[in-house]
Amino acid sequence: MSKYVGAIDQGTTSSRFILFDRKGQIVSVAQKEHEQIYPRAGWVEHDAKEIWANTRSVISLALDKKGLTPADLAAVGVTNQRETALLWDKRTGEPLYNAIVWQDTRTDQLVGRYAAEGGQDRLRAKTGLPLATYFSGLKLHWILANVPGAREKAEAGDALFGNIDTWLLWNLTGGVNGGIHITDVTNASRTQMMDLETLDWDEGILKLFEVPRACLPRIVSSSEAYGSAVAPLEGVTLSGILGDQQAALFGQACLQPGEAKNTYGTGNFMLMNTGEKPFHSTFGLVTTVGYKLGDAKPVYALEGSIAITGALVQWLRDNLGIIETSGDIETLARKVADNGDVYFVPAFSGLYAPHWQEHARGVICGLTRFANKGHIARAALEATAYQTREVLDAMVKDSKVNIRELRTDGGMVVNELLMQFQADILDVPVVRPKVIETTALGAAYAAGLAVGYWRSTSDIVDNWGVDKRWHPQMDSAERDHLYGCWNKAVQRSFDWAR
């Protein structure tokens, strides 16, 4: 039997290929960053051809590191940055426009127009989502309206739409030579065009957004055999697709209602498993499909999405130059005893959950002559923890479930200063698992379950283990003071761009 399962983890800033063994341990990994394109303020794009080239490259690199071939793989899964929208020519394989990234705000006027006609929550009952620049349906509307020839090709079925999972699966299964045009239920649920109950594209929303059904992918489950890959994965079964945050939920073994995880990446995303019925939020969260395994019923989740967390560290590195590498942020932040009364609200793309303020913009509050770059660094890290507290509070109000601990994953969880402050400001323990690459692991699990590499989800639970647990150490008076100041700073960010 094949030894390993692979996962393509196509994220906002890089593409990775990771191989896992039966214990869920990493065997080999390769990673490449791709360019972030900013054509104008608020616009964020990616070169989809660069992403595909990088994906092929990291697959080959990870296999070569261990002297492996595709024959050593039982299956491969894909996890991806969600809501990043792409339309490409079916006959040539050429993108008709750059991929419009989930952080992009160019559709803000469309959001305002549709909200004015029926309210920001007019589509929430069907899709679980408020009208926002975040989701990919309105990005597709923009492409169809602004790229010459795009609408005509889409209506004729000669242009194909997808989030990045769809682009990669199409290319991996042959592209112009018979590539499969599919997306899974988790990614489809992030377009704002899928009905959460029927798990199919909603004709009324397609008409509202002026999207031809002919360009949309077929919606499939998160775990089933979709087809065989071409090079560089010649003959390998592709059998798992999960949007990145749902993949992390699955990889963290949050398989029972009430279990929650928080991923610290470019942005932060907290998901709570709510079982087999969609649970509609009244406190600013979104309802999404958590996963669907083959013919089984879908499992839903409540999600709190935060646009900018790890991206703020990158901004300090790339735009301000106060650190040389992202890892330097903790060293710099530890040079000061506290935040010096400085608060940084990174509303670069507006504010997502629980505020949904697309006109908010980034602010730094509380600056005095005393403040230095160490305080800025510490305020940047604390911003991640405060935003997580906002989402957790909303999740508890919605679900009526007090979370006993918060399972964490993603690149920022190696920052121990942040993890301790996170426990302090939440007043609940924070847990880091032994394998922090849970996004890729979730995609691998979905793929491996479909082909029998893992027998059942009980194997996922058995594989999960704790690396470190942080307990709250802050007294309640200090916690309340800090969080109160944060809320004042958030209010200052509202309506800046209106």
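Helix 10 (residues 310-320) supplies the largest share of the lining of the largest pocket, namely 5 residues, where helices are DSSP runs (H or I) of at least four residues, numbered from the N terminus. The model is predicted, so that local features need pLDDT of at least 70 and side-chain atom pairs count only at pLDDT 80 or more, while totals for chains, interfaces and linings use all residues. Residues are numbered from 1 along each chain as its sequence is written, and side-chain values use heavy atoms, with hydrogens and water left out.

**The two pockets**

- The largest pocket holds about 920 Å³ of space, and among its 41 lining residues (those with an atom within 4 Å of a grid point), Thr-13, Tyr-264, Gly-265, Thr-266 and Gly-411 are the closest to its centre.
- The second largest pocket has a volume of about 590 Å³, and of the 23 residues that line it, the closest to its centre are Tyr-38, Ala-311, Trp-315, Asn-319 and Phe-348.
- Helix 10 also gives the most to the lining of the second largest pocket, with 6 residues.

**Helix 10 against helix 12**

- The axes of helix 10 and helix 12 (residues 373-399) come within 8 Å and cross at roughly 160 degrees, the axes being lines fitted to C-alpha atoms over the stretch in contact, with angles from 0 to 180 degrees between N-to-C directions.
- The two helices are therefore roughly antiparallel to each other, a term for angles over 145 degrees.
- Leu-312, Val-313 and Leu-316 in helix 10 meet Ile-376, Ala-377, Ala-380, Leu-381 and Ala-383 in helix 12, where contact means heavy atoms within 4.5 Å.

Notes. Angles under 35 degrees count as roughly parallel, over 145 as roughly antiparallel, 65 to 115 as roughly perpendicular and the rest as oblique. On a 1 Å grid over the protein atoms alone, a cavity is a set of points where a 1.4 Å probe fits but cannot get out, and a pocket is an open set with protein on both sides within 12 Å along at least five of seven lines; lining residues have an atom within 4 Å of a point. Grid points are joined across faces, edges and corners, and a volume is the space filled by probe spheres set on the points.
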